[in-house]
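Colleague: I should be grateful for a close look at a single part of this structure, chosen by you, followed by a connected account of the other parts that help a first-year student to read it. Please proceed step by step.

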Amino acid sequence: MPPATPATSLLDTRLRVETPEGVDLLLSPASALTRARAFAVDLALRAALSLALLGVLGRLGELGIGLGLILLFLLNWWYMVLFEVLNQGRSPGKQLFGLRVVHEDGTPVGWGAALLRNLLRFVDMLPLGYCCGLLASLANPRFQRLGDLAAGTLVIHQPRAPAAVQLEPMTPLPAPFALSAAEQRAVLAYGERQRQLSPARREELAGLLAPLLGVTAEQAPLRLQQIAADLRGTP
Amino acid sequence: MKQAQFETRHQADWQALAGQLKLLEQGRPLGAQAGEFAAAYRRLCQQLALAQGRAYSTSLVERLQLLTLRAHQQLYRPRQNLGPRLLGFLIHGFPRQVRAARRSILLASLLFYGSLLGMGLLVYLFPDLIYSLLSPQQVARMELMYDPDASRLGHFSERGSSDDWLMFGFYIMNNIGIAFKTFASGLLLGLGSLFFLLFNGLNIGAVAGHLLRIGYDQTFLSFVVGHGAFELTAITFAGAAGLQLGGALLAPGPRSRRAALRETARGCVGLVCGVIGLLLVAAFIEAYWSSVTQFSATVKYLVGAMLWLLVGAYFLLGGRQRQAA
């Protein structure tokens, strides 16, 4: 499996990972701040659970305290592991903020990696307040803390579905010359973004192409939309 | 083919796959559709590649990329047949891993048992030395725990409790937590594991030396001999795994430190799982057998010796057959 590489050379934090099927997945690693928020939620949840456990089991005498100690141990060391493996890489806090844990090759995290990254959390928390983990993730383009580095895991943002595109009906008009792939994408994107752009901005963008299209700056937006409609085609 | 035609042609496929994904993401089985999922995913991959190659609009490509990512997450889920894998690990995997890690285990054992015996001998010869490690209150509590007149031994014995659950819970939380820390702190160039091995060795050695000197040898030794076979072994294994992590960072060999750390860490998972198992057994024995005083010391020594032999035989002989085949 080739290592994950940055998607572009620009300031883009997304990682490109090739799957065995020969397509590239784009993963967006989550920064320390988002992860800290998710961890805070998990911490609060665990604290509340621990208190509730102690309250209930403390009344059951020593059997209760013994059970309570075992459950506290589970909460302390296994809470993250169990949620990450059994709930598709998401502890409740991560789920709330749309994060999930995956292997570096984009596959969902398994038992071994989840156990490792959460045991090594102990070192990330040293000397206090996740100092080691914070330093490691700031020094790393994929924002991995030490446990992630050893286990080969990433915390990524769960991508959201893009908003549906609404197109205005338009008479298609072929482009006056052949377009390269990048140009075609740009024109199609212009056509799809009509509703998000102000008329002045539309004119400004399309006006750049007016001399090439052989029309005036005022006609350029409509012409560019017609070309986009032609590139898109009719169903 | 223009983009609009492409979308119309495959729209139904994408919607069907999205429906399946919704089920899978909620953890529900697909039932009869399960066989089609992988094929649908592969078709989607091809369609994504086509959409990118034909320079279709970014919004379409993004939509397909999202669908691919979601399907990829579901297709490559970790295997869930944990039971059989654990059983196989117990029968042959664990002893083999231990034998493969024998060098680091030897090192950890030397550190741990060396400090234990050395400190024990020193405290036996120079009694005041124990107060450099433990406070007088701690020493008094230790003495109370192993008082030959007590009806029960070990932690919480002063409560005179008949409830071993409390002890079981305490031992699990305390010991497995220590083992986890011993392993994890190996990431600090091995120094953390070194510290925990020596710290525990010195402490146990000091207590042992002190108790033997004041004549509590019978209660103390008959108490620790049983579960010690599992507990002490587990501590050295956890330390050995931690030392391996540190070793990977200090001497990565012909790999980058990062790659060395990842490979070593993956190899350590088995050892750590085994340590958890050993400590569970140890906690059980400690709570339900070691603390009981009905049996004579001879019986306890005999059982203890058998347990040590059992552990030794397991790691020396376990998992040999399938290796040969």
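Modeller: Let us begin with Phe199(B), which lies in helix 8 of chain B. Please keep in mind throughout that this is a predicted model. Phe199(B) is classed as partly exposed, because 15 other C-beta atoms lie within 10 Å of its own, whereas a buried residue would need 20 or more and an exposed one would have 12 or fewer. Although Phe199(B) and Leu116(B) stand 83 residues apart along the chain, their C-alpha atoms are separated by 9.2 Å.

Helix 8 of chain B covers residues 191–213, and the loop between helix 7 (164–184) and helix 8 holds Leu189(B). Leu189(B) is not a glycine, yet it has a positive phi of about 55 degrees. Its surroundings place Leu189(B) in the partly exposed class, since 15 other C-beta atoms are found within 10 Å.

A further residue of chain B may be read in the same manner. Gly277(B) belongs to helix 10, which runs over residues 257–290 of chain B. Gly277(B) has 15 C-beta neighbours inside 10 Å and therefore counts as partly exposed. The C-alpha atoms of Gly277(B) and Asn175(B) are separated by 12 Å, while their positions lie 102 residues apart along the chain.

Next comes the packing of helices in chain B. Two packed helices are described by the angle between their axes and the distance between the axes. For helix 1 (residues 3–25) and helix 3 (residues 58–75) of chain B, the angle is about 30 degrees and the axes are 11 Å apart. Helix 1 of chain B is therefore roughly parallel to helix 3 of chain B. Their crossing is left-handed. On the side of helix 1 of chain B, the contact includes Trp14(B), Leu17(B), Ala18(B) and Leu21(B), and on the side of helix 3 of chain B it includes Leu60(B), Leu67(B) and Ala71(B). By class, the residues of this contact are eight nonpolar, two polar and two charged.

Chain A offers a contrasting pair. Helix 2 and helix 4 of chain A pack at an angle of about 150 degrees, and their axes are 9 Å apart. These two helices of chain A are therefore roughly antiparallel to each other. The crossing of helix 2 and helix 4 of chain A is right-handed. From helix 2 of chain A, Met80(A), Val81(A), Glu84(A) and Val85(A) meet Trp111(A), Ala114(A), Leu115(A) and Asn118(A) of helix 4. This contact has six nonpolar residues, one polar residue and one charged residue.

The loop between helix 2 (61–86) and helix 3 (92–96) of chain A contains Gln88(A). Gln88(A) has a positive phi of about 55 degrees, although it is not a glycine. Gln88(A) is buried, because 22 other C-beta atoms lie within 10 Å.

We may now turn to the contact between the two chains. It takes 49 residues from chain A and 50 residues from chain B. The elements of chain A that give two or more residues to this side include strand 3 (24–27), helix 2 and helix 4 (111–119). Helix 2 of chain A supplies the largest share of that side, eleven residues. In total, the side of chain A that touches chain B divides into 32 nonpolar, twelve polar and five charged residues.

Strand 3 of chain A has two faces: Leu25(A) and Leu27(A) form the covered one, and Asp24(A) and Leu26(A) the uncovered one. Strand 3 pairs with strand 2 (residues 15–18) of chain A in the antiparallel sense, over four bridges. Within this pairing, Leu26(A) of strand 3 is the bridge partner of Arg16(A). The two strands of chain A form a hairpin with five residues between them, and Gly22(A) in the turn has a positive phi of about 85 degrees.

Finally, strand 4 (residues 99–103) of chain A has five of its five residues buried, so it is largely enclosed by the rest of the structure. Leu99(A), Val101(A) and His103(A) point one way from strand 4 of chain A, while Arg100(A) and Val102(A) point the other way. Strand 4 and strand 5 (residues 153–157) of chain A pair in the antiparallel sense over five bridges. Val101(A) has Val155(A) in strand 5 of chain A as its bridge partner.

Technical notes:
Residues are numbered from 1 along each chain as its sequence is written. Chains are lettered from A and ligands numbered from 1 in the order in which they are written. This is a predicted model: local features need pLDDT of at least 70, side-chain atom pairs count only at pLDDT 80 or more; totals for chains, interfaces and linings use all residues. Axes are lines fitted to C-alpha atoms, for helices over the stretch in contact, and angles run from 0 to 180 degrees between N-to-C directions. Angles under 35 degrees count as roughly parallel, over 145 as roughly antiparallel, 65 to 115 as roughly perpendicular and the rest as oblique. A crossing is left-handed if the near helix is turned anticlockwise from the far one by less than a right angle, and right-handed if clockwise. Two residues are in contact if their C-beta atoms, placed from the backbone, lie within 7 Å. Ala, Val, Leu, Ile, Met, Phe, Trp, Tyr, Cys and Pro count as nonpolar, Asp, Glu, Lys and Arg as charged, and the others, Gly among them, as polar. Two strands pair if DSSP finds at least two bridges between them.
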